[in-house]
Amino acid sequence: MLQLQNQRRRENLAWPSLIARCFVSCNMVLLTYFALSLVTRFFSNSSSLLLQLSLSALVLLLVMGLGGWFRRLLGIHASAPAFVFFNILFIWCFYVFIIRKGVSLFMDILFNGEVAMLIFGLCSMLKSDPGVVRHVPSFSDKPTEGSVDELNNLDEDLELLASGLSHESAEDSILERRVRYCRNCTAYIKGFDHHCPAFGNCIGQKNYLVFMALLLGFIVTEASFLACSSDYTISRIHSSEV
């Protein structure tokens, strides 16, 4: 009962911090696109494409520096998953209020469906279990404090543990048999590939396919957005000629 009360207390304390991080992420997204719009507005006619790309990269670096300033001065840092979500939301709003009027019905249905699936995939990725190992040998919870030999022995023992937990044939892939400790999640992950800050989760055996599908979804959605933007630009040119 006491543990449950402590867990609820920690969750209640985490909500203000989460809201503040989302607020910072939202403002960083708005600031980024506002600054990029200024680059295209004032340097579109008299500047080369290379200069515009250089200025855009400089703007992104300044926004990242601003995020570091928030973290040092206010003790609040942006949330990477929230930053990704607000980017998707901003692009979708830009499409709905500006680009949508110049695209076909088929492209409209296709792009809105892709955005909906992208948001659903991002939420699924945040909640997915990457393959957390619930029962591990009695090693130290902080393997970084040991020597290099101890860490190597720990990795070998954990790989043997993973092969024993899987109950699968000896032809399983290395990804399925590997167990690594994630310092961000403070957990042992079966089939550990890496920790993805943008999606706020580890990439392991159980969510690797979801991760790859989500990356493919981002590529397809970006391609659809470029196609819709091209249709909108062409329709604007034709309307101005008429």
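In the predicted model, Ile 88 touches Val 115, Leu 118, Ile 119, Leu 122 and Phe 218, not counting residues up to four places away in sequence. Ile 88 is found in helix 3. The residue is buried, because its relative accessible area is 7%, under the 20% limit. One of its partners, Leu 118, lies 30 residues away along the chain. The C-alpha atoms of Ile 88 and Leu 118 are separated by 8.4 Å.

Helix 3 spans residues 80-99. This helix also contributes to the lining of two pockets, at two or more residues in the largest and two or more in the second largest.

The largest pocket encloses about 480 Å³ of space. Its lining comprises 17 residues. Closest to the pocket centre are Leu 18, Ser 79, Pro 81, Leu 126 and Gly 200. Three elements each give two or more residues to this lining: helix 1 (2-42), helix 3 (80-99) and helix 4 (105-127). By class, 11 lining residues are nonpolar, four are polar and two are charged. The position of the pocket follows from the domain assignment. Domain 1 covers 1-78, and domain 2 covers 80-134 + 178-241. Both domains supply lining residues, so the largest pocket lies between them.

The second largest pocket has a volume of about 350 Å³. Its lining consists of Tyr 33, Phe 90, Ile 91, Phe 94, Ile 99, Phe 225, Leu 226, Ser 229, Tyr 232 and Thr 233. Helix 3 and helix 7 (208-241) are the elements that give two or more residues here. Helix 7 provides the largest share, five residues. Eight of the lining residues are nonpolar and two are polar. No charged residue takes part in the lining of the second largest pocket.

Helix 7 also holds Ser 235. This serine counts as partly exposed, because its relative accessible area is 28%, in between the 20% and 50% limits. Ser 235 and Lys 101 are 134 residues apart along the chain. Their C-alpha atoms are nevertheless separated by 9.4 Å.

Cysteines were examined next. A disulfide is a covalent bond between the sulfur atoms of two cysteines. The structure holds zero disulfides. For Cys 196, the closest cysteine sulfur is that of Cys 202, at 9.7 Å. This distance is too far for a bond, because a disulfide requires sulfur atoms within 2.5 Å. Cys 196 is buried, since its relative accessibility is 9%. Cys 123 has a relative accessibility of 37%, so this cysteine counts as partly exposed.

One backbone feature concerns Thr 186. Most residues other than glycine have a negative phi. Thr 186 is not a glycine, yet its phi is positive, at about 50°. The residue sits in the loop between strand 1 (179-182) and strand 2 (187-190). Thr 186 is exposed, because its relative accessibility is 56%, over the 50% limit.

Technical notes. Residues numbered from 1 in each chain as written. Predicted model: local features only at pLDDT ≥ 70, side-chain atom pairs only at ≥ 80, totals over all residues. Heavy atoms only, no water. 1 Å grid on protein atoms, 1.4 Å probe; cavity = no way out; pocket = protein on both sides within 12 Å on 5 of 7 lines; lining within 4 Å. Points joined across faces, edges and corners; volume = space filled by probe spheres on them. Helix = DSSP H or I, 4+ residues; strand = E, 2+ residues; numbered from the N terminus. Nonpolar A, V, L, I, M, F, W, Y, C, P; charged D, E, K, R; others polar. Domains from an automatic or database assignment. Buried < 20%, exposed > 50% of the residue type's maximum accessible area, 1.4 Å probe, protein only. Contact = heavy atoms within 4.5 Å.
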